[in-house]
Structures are given as C-alpha cells and as structure tokens.
Amino acid sequence: MRYIHRLTCLLLLSLVVGCAAPSVTPTQPPPTPTSTAEVQVATPTPTTEVKTATPVARATPQVMAGPFWWNDAVFYEIFVRSFYDSDGDGVGDLNGVIEKLDYLNDGDPTTTEDLGVTGIWLMPIMQSPSYHGYDITDYYTVDDEYGTNEDFLRLMEEAHRRGIRVIVDLVLNHTSSQHPWFVSARDDVNSPYRDFYIWSEENPGYKGPWGGKVWHRCSTGYYYGIFWEGMPDLNYNNPAVTAEMEKVIRFWLEDMGADGFRLDAVKHLIEEGRVQENTPATHEWLRGFYAFYKGINPDAMTVGEVWSSTTEVVKYIGDQLDLAFEFDTAQATLRSAKFEDRSHILRAHRLSTERYPPNQFATFLTNHDQERAMSELRENVNRSKTAASLLLTGPGVPFLYYGEEIGHIGGKPDENIRTPMQWSDEDNAGFTTAMIAWRAPQPNYREVNVAAQTDDPDSLLSHYRRLIHVRHDHAALRIGDWREVEVEDKRIYAFLRYSDEETLLVLINLGGEPISDYSLSLPEGPLSEGSASEVFTGAPVSAPTINAEGGFDDYTPLAELAPYSTYIIRIE
Ligand SMILES: [Ca+2]
Ligand SMILES: [Ca+2]
Ligand SMILES: [Ca+2]
Ligand SMILES: [Ca+2]
C-alpha cells in the first residue's frame, strides 16, 4: 500500500521535475590526475551540472567540536542473522537480540559480568533477498526473517532502558535489482523510476575501482552497479532519489526511533564519470544530508564506511558525517599486536590525532568484510588481548564486531566471517534450537564460546569486559587527548590520555617476554604533581618526578612489565 502511495507521489513529482538526463555519460573524459577533491571543491565551476541537479540547498552546517555522546560509547556490530535465534527457525532475529541484551549490557552500572557496550550497530535489517541484506527491496520494513517493525520498536525500548543506543545500517548507494524501483526502471524506459538509476545505451566499458565490471547489460540498456549486477547504483544526480531517501532517513529517525546510521559504501555515492569514489559531488551531497538529519535530530549520529586512507576519510568529518571508520588505524592495530611492535599503531595514532577533530573517528579491529581478528592473529589469545587493549584505551570511538570478544575465527568467503555467535558448547553453539542453523558455527565452538569464558578471569571475554568497564570509569580514555610517551624498546607502547578530569599513562607490553630494563620519558606534558596509581590491574606503581615542562624523564613505574600486559596508570 505504501508503495503504491509513494508511486503516485512520484509520478506527480516526476511531472514537475521532468526527465532530466543523468549526468553520467560514457563520453565524459576521465579527469586529469591532478584534479583532487580538494582542488575541485575550491574551484566553484566544474561541478555545476551536478550541483544544479541536486536541490540540497541548505544552511551551512556548523562544525561542532565535541565531545558528543558517541565519544562516551563503546559500539558492538551485530549481524542479526547470526546473533541469536529466538524462534527456532535457524535464523537469528531481532527478538534474539533482545534476549541477549543483558549479555551486552544489563543496564546496571554496578555489575560487571556484562560486556558493558553502550552502542549497537545493526547490520542491514530491511527487506532483502540476500542473506547479508546489503541489497534492499523495501526501506520501510524489517526483513520478515528478522521480525517486524514492532519487534524493532521493542528492541529500541529495551536497549534504551539499558543505556544502549542503536544505529542501523543504511544502504544509500544502491538498491537490490529486485527493488520495485529498479524492476520498473529496467522494464520500461519511460518509467518514472528510470532516472533513479544510471543508464547508458552503449556499454561504457570501463571498470570499477577493483577492476570489476560495473556496467551491466539488460534488455533496455546498460546500467551502472559498482558492486555487482544485483546492486544497481542509485542516481543521486536525480533530486527525486534524494527526496525518497530523505523520507527513509526521516522514517528511521522519527517513526522507528533509531539513534543514527552506519552508512554503507558512502564514498561511492555519486560518480563523476570514471571517478567512482570520494568525488566532490559525493561530499556536496553529504553536506546536504548532514544538515537534513541534524535538522530532524541534532543528536542523531552517522558513521560512514569510507574505505580509504586517513587523509581521504578525514574530509568527510564534521559537516558530512559525524564519524567514519579508520581502516588504516584498524590495520595498524592488528599489525602491532601481531608483530609485537608498536611502530604501526604509533604512526596511526600520530596521524589520526593530528588530522581529525578530537576523537571524531571510529576505531575497530575488523568488521564483517574482513578476516576475523583472531584469525589475523593466528589464534593467539595473548595477541588478541593486546589488540583489544590498543582498541579500548586508544583515541576514537571503538567498535567491536560480534564474537570478537570471545575470539571468533573465520576467513573469506564472507559467510565464514559471519557465522553464528558461539554462546555455548551445545549443538549449533547454543545459537538456535533448530536442527540446522542458517550456517554452521565454526567447528571450534565446543571450546570457544561465551559460557566457557564467562567465569574465567583470564579469558579474552573477561579482558574485554574489564577494558570496557575501565573505559567507562575514566573519561580521559573516552574523550581525552593522546600524547606519545617515549621509550626505546619497540615492544612497549606508552602514551598519555588526558582530559580536564585526569591524566592516564597507558603502558602496554606487546611482547611475550617480561621487560624490566626500560624507562619512559615525556619531554613536556600536562602533569603538575606526581602521585600514581594503577587502575586496570591494581599493580603497585611508583610515581614519576614531574619536570619543569609538565612531563617526566627516566620513569620506570613498574620494575617489570609482564608479557602481553596492559597497565593504566593514573597520575595526579
Ligand atoms: Ca529466527
Ligand atoms: Ca552492568
Ligand atoms: Ca530476507
Ligand atoms: Ca554510486
């Protein structure tokens, strides 16, 4: 019904708008290599066509400094299909997420048996024909397999009651090829939806950023789909597409009460000829998008998937997206843990803290598109603990991928890194009562599961819990500045996190040997006095002598750093 109504609106709209031709033309020459996004933004003329086609005239967004609520949060990425099955059909669902909320956060700050996360990112939950849901056929309805819109509303209520905010995956770049818009557009060149997508009569022939086919043939021409033929890209040069997606955004924020969005593939929104990522037109569209969603709810948060280097990612922050995932830092985190060498993460932290507004970037180890962290680390639990320490004591807003906290394994293909959550050693890892789960859990679930780790103080799960709780207890870890602390031994990573409230010295031995011959120095810093206490392990520590510049020289807080250990020393 709703669809029919929207179709009617659209027909009317299309009469007003007319059939503006999409600006993607195969004859458009490739841009010169020097025309970087920055240059084009500074030059007012080259994207005129795109700008006039996009009626996103909006107030200049104000860039705020923060910190914001998300800086106090620890997020947890959930693949609903694999998290918990509440009704025994072998497929995870929203009611299953509700049943497991107490595992994530029981809402009682005095208990520490829960993981303590305060944010959830739900991978796509809208109607979709695929198992992963990144090709949507109806943006207004929860996928039948996952439940109903009412289930989602109940999840929001139950999550909020526990102090957990929930953001949903929003796929703007493309729809499913089975979406009614595309079906109509494909079958009828005069369809009002024809210009919702990107068409060419001839095959432009050029490839995508990964060398794959992006122009797909159908009976009425060639359409553009950067990922594959089942995901035709939407045409955001058509204002009717923007208008439709603004309705979707409003629906999820207002009617469904979502706290924000994770934006899939957002750097690919608008192509400029053969330039298929990070285009000026994409940045411009997102400025309008930012003003739009902040106008609905100034507290709504977005985190973008911009799978590019730090220097590209940072261009989105503050007036287009609130946060974006720091893929470079994620890789550096795992490398430092894996090779027991701080160089990688130190470089990443230097760059990210220099480039981003304070803590306005999203950190993680791996996500649903990458080999599991535990597999990257060759199933070494100690190194996994180090990686967790780097993630949860470092700057930025941390995101965990479900199962990471117990050491889920898995490599490509993708289904294998999205396997059912290993709750217990029961059949199907306690994920479902069905005989057969939508996909089998990893074979190691009899040993690696929540039940086996929950009461073990040395388990990876316990380490994650303690790290998350210590982060909640110490504002400097959440919103504080970062500063490097010098130490010769590359197996040691030492840095300050400091805010108005407190100064913390984080000291991590990345290596497998105890280290006793070391000394720390901080040529200048924010320190004024020199009493010290260790807040993570409770180990006795000595205090530094504060020098005239507020730093310290030759400081050895513990006589010995245990193998793979993390210390957090409060200096006051
Ligand atoms: Ca189910
Ligand atoms: Ca609790
Ligand atoms: Ca489905
Ligand atoms: Ca696109």
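These are my notebook entries on a few local features of a predicted model.

**Entry 1. Calcium site**

I looked up which protein atoms serve as donors to the calcium ion (ligand 3). They are S128 (O), D143 (OD) twice, and E145 (OE). I noted their distances from the ion as 2.3 to 2.7 Å. Along the chain the donors of this calcium ion are spaced as S-x14-D-x1-E. S128 and E145 link distant parts of the chain, being 17 residues apart. I placed S128 in the loop between β3 (126-127) and β4 (138-142), and E145 in the loop between β4 and α7 (149-161).

I then checked accessibility for these two donors. S128 has a relative accessibility of 9%, so I entered it as buried, the cut-off being under 20%. E145 has a relative accessible area of 35%, so I entered it as partly exposed.

**Entry 2. Cis peptide bond**

I looked up where a cis peptide bond occurs, and found one joining K412 and P413. I wrote down its omega as about 5°. For the location, I found P413 in the loop between β13 (397-401) and α16 (450-453).

**Entry 3. Positive phi values**

I went to the loop between β9 (260-263) and α10 (280-296), where A265 is placed. Phi of A265 is positive, near 50°, and the residue is not a glycine. I also checked whether A265 is buried or exposed. With 2% relative accessibility, A265 counts as buried.

N278 lies in the loop between β9 and α10 as well. I recorded a phi near 55° for N278, again a positive value in a residue other than glycine. The relative accessible area of N278 is 8%, so I put this residue down as buried.

**Entry 4. R347**

Which helix holds R347? I found R347 in α13, which covers residues 343-355. Its relative accessibility is 53%; the cut-off for exposed is over 50%, so R347 counts as exposed. I also looked up the separation between R347 and A332, which are 15 residues apart along the chain. Their C-alpha atoms are separated by 8.2 Å.

**Entry 5. Recap of accessibility**

I kept a short list for the bench copy.

- S128, a donor of the calcium ion (ligand 3), is buried at 9%.
- E145, also a donor of that ion, is partly exposed at 35%.
- A265 is buried at 2%.
- N278 is buried at 8%.
- R347 is exposed at 53%.

How values were computed
Residues are numbered from 1 along each chain as its sequence is written. Chains are lettered from A and ligands numbered from 1 in the order in which they are written. This is a predicted model: local features need pLDDT of at least 70, side-chain atom pairs count only at pLDDT 80 or more; totals for chains, interfaces and linings use all residues. Side-chain values use heavy atoms; hydrogens and water are left out. Helices (H or I, at least four residues) and strands (E, at least two) are DSSP runs, numbered from the N terminus. Buried means under 20% relative accessible area, exposed over 50%, partly exposed in between (1.4 Å probe, protein chains only). Donors are N, O and S atoms within 2.8 Å of the metal (3.2 Å for Na, K and Ca); water is not among the atoms, so sites may look incomplete.
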